[in-house]
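This report describes the architecture of a single protein chain, with attention to helix packing, cysteines and backbone geometry. The sequence and the structure are shown first.

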Amino acid sequence: MPRQRSRTSQMIVPARTTKQTGLIYQRHPDLEDAGPNATFWQGPYDATPSIEYGITQSMMGSFWCCRERFRLHYCEGLREYEPWERVRAMEWGSMWHEGEHAILEDRDPHTAVLAYAATLATRYRTKTTKIMNDAYMINLMLNYYIDYYKKHFTDTNIEPVWAESEFEVEVPIGSPDVFTQHPILRGKMDGVGLLPGPTRPCTYLMENKTKERINMDLIKSNLDYDNQVMTYLTALSKLTPEHNLPPVGGVVYNIIRRPRANQTLSALEAHLRREPEHFFIRVIRSISTQELKEFAITTLRPTLYQICGWWNWIK
């Protein structure tokens with residue numbers, strides 16, 4: 001089983017404006033009393049017992065976009081303040097995941113969703129009504145999702161292996177003469193399951209995504225280019241031998257359509273009763289070993305190489 005560890009609470013602290021950028025930033029609470037030279041992220045290599053080390057898929061995306069913002073965010077612990085309208089889609093997905101996680105643990109999903117919504121409401125006090133409306137939407141959809149899942153998704157014969165599991169794997173990126181340590185690739189998989197194959201079962205990554213606009217042709221054609229999917233499949237391919245699992249076969253991509261923010265609960269429920277398949281979609285995509293090798297050579301290892309080289313230079 002991949003390592004299970006609790007994460008540092010990402011509480012919001014009073015915001016401040018930096019004169020250099022004019023943007024409003026918030027410093028991570030762990031660094032508030034640690035002095036100006038304290039570093040939040042401990043680098044791409046193993047830094048146990050700290051829990052802030054290694055490289056995640058989202059960190060790679062941040063590094064690609066802007067190295068200076070990456071430094072401010074991860075090394076200085078500064079988080080750009082984001083208004084509710086900008087984070088709503090992400091937090092809607094987080095609330096949905098809270099509900100799904102509660103279902104897997106035989107807890108009440110509605111209570112879990114409302115508890116997460118309450119924490120958001122304390123952070124965005126002027127948006128409490130909108131946040132709670134989203135929570136009520138999610139709880140309504142979860143009722144139909146559970147029923148729809150049992151009736152329509154059982155034909156795939158997925159045998160669950162892991163759910164909501166954090167992972168850590170070492171990824172060699174170059175000559176040991178240059179890099180004496182291997183970077184740690186970290187993340188959290190929504191799930192892992194076994195699916196029947198032509199001759200034997202294969203191990204599949206299970207990803208759950210919430211989206212308002214869904215282009216099925218684009219999703220189906222681009223899954224083998226999706227950075228998160230391919231990064232997690234690469235990590236999974238390194239974990240399967242350790243846990244006596246069959247080789248990696250691909251991804252089960254569950255999509256939950258996010259309703260419009262201004263949709264009423266009565267209209268949403270009527271649509272769910274009439275057309276549940278509009279909201280709950282599953283795509284199963286096979287990914288070959290060769291595709292994973294190409295991703296590692298062309299994308300993953302070069303990115304990790306650059307992050308490690310950058311860290312070695314600035315530390």
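A residue is called buried when its relative accessible area is under 20%, exposed when it is over 50%, and partly exposed in between. The model discussed here is predicted.

## Overall architecture

The protein chain comprises nine helices and eight strands. Of its 315 residues, 45% are buried. Among contacts between residues at least 6 apart in sequence, 73% join residues at least 24 apart.

One pairing across the sequence involves Tyr305, a residue of helix α9 (residues 289-314). Its C-alpha atom is separated by 7.6 Å from that of Gly174, and the two residues are 131 residues apart along the chain. With a relative accessibility of 41%, Tyr305 counts as partly exposed.

## Helices α1 and α2

Helix α1 (residues 57-65) and α2 have axes that come within 6 Å and cross at roughly 135°. The two helices are therefore oblique to each other. On the α1 side, the contact consists of Ser58, Met59, Ser62, Phe63 and Cys65, which meet Arg67, Phe70 and Tyr74 of α2. By class, this contact of α1 with α2 has five nonpolar, two polar and one charged residues.

In helix α2 (residues 67-75), the buried residues are Phe70, Leu72, Tyr74 and Cys75. Phe70 and Tyr74 thus appear both in this buried set and in the contact with α1. Just after α2, the backbone at Gly77 adopts a positive phi of about 75°.

## Cysteines

How many disulfides does a search of the whole structure find? The search finds zero. For Cys65, the closest cysteine sulfur belongs to Cys66 and lies 8.2 Å away, which is too far for a bond, because a disulfide requires two cysteine sulfur atoms within 2.5 Å.

The surroundings of individual cysteines can also be described by accessibility. Cys65 is exposed, with a relative accessible area of 71%, whereas Cys308 is buried at 0% relative accessibility.

## Packing of α5

Helix α5 (residues 128-152) and helix α8 (residues 265-274) have axes that come within 11 Å and cross at roughly 20°. Because angles under 35 degrees count as roughly parallel, α5 and α8 fall into that class. Their crossing is right-handed. The residues of α5 in this contact are Asn133, Tyr136, Met137, Leu140, Met141 and Tyr144, and their partners in α8 are Leu265, Leu268, Glu269, Leu272 and Arg273. Eight nonpolar, one polar and two charged residues make up the contact of α5 with α8.

Asn139 is also part of helix α5. This residue is buried, with a relative accessible area of 8%. Leaving aside residues up to four places away in sequence, Asn139 touches Pro109, His110, Val113 and Leu114. These four partners lie within α4, which spans residues 109-123.

## Packing of α7 against α9

Where α7 packs against α9, the angle is about 115° and the axes are 10 Å apart. That angle makes the two helices roughly perpendicular. The crossing of α7 with α9 is left-handed. Helix α7 contributes Asn227, Met230, Thr231, Leu233, Thr234 and Ser237 to the contact, and α9 contributes Glu291, Leu292, Phe295, Thr299 and Leu300. The residues of this contact divide into five nonpolar, five polar and one charged.

## Positive phi outside glycine

Which value does phi of Asp106 take? It is near 60°, a positive value in a residue other than glycine. Asp106 belongs to the loop between α3 (84-104) and α4 (109-123). The residue is exposed, with a relative accessible area of 74%.

Asn244 likewise has a positive phi in a residue other than glycine, near 55°. Its place is in the loop between α7 (227-239) and β7 (248-257). Asn244 is exposed, at a relative accessible area of 72%.

Definitions and conventions. Residues are numbered from 1 along each chain as its sequence is written. This is a predicted model: local features need pLDDT of at least 70, side-chain atom pairs count only at pLDDT 80 or more; totals for chains, interfaces and linings use all residues. Side-chain values use heavy atoms; hydrogens and water are left out. Buried means under 20% relative accessible area, exposed over 50%, partly exposed in between (1.4 Å probe, protein chains only). Axes are lines fitted to C-alpha atoms, for helices over the stretch in contact, and angles run from 0 to 180 degrees between N-to-C directions. Angles under 35 degrees count as roughly parallel, over 145 as roughly antiparallel, 65 to 115 as roughly perpendicular and the rest as oblique. A crossing is left-handed if the near helix is turned anticlockwise from the far one by less than a right angle, and right-handed if clockwise. Contact means heavy atoms within 4.5 Å. Ala, Val, Leu, Ile, Met, Phe, Trp, Tyr, Cys and Pro count as nonpolar, Asp, Glu, Lys and Arg as charged, and the others, Gly among them, as polar.
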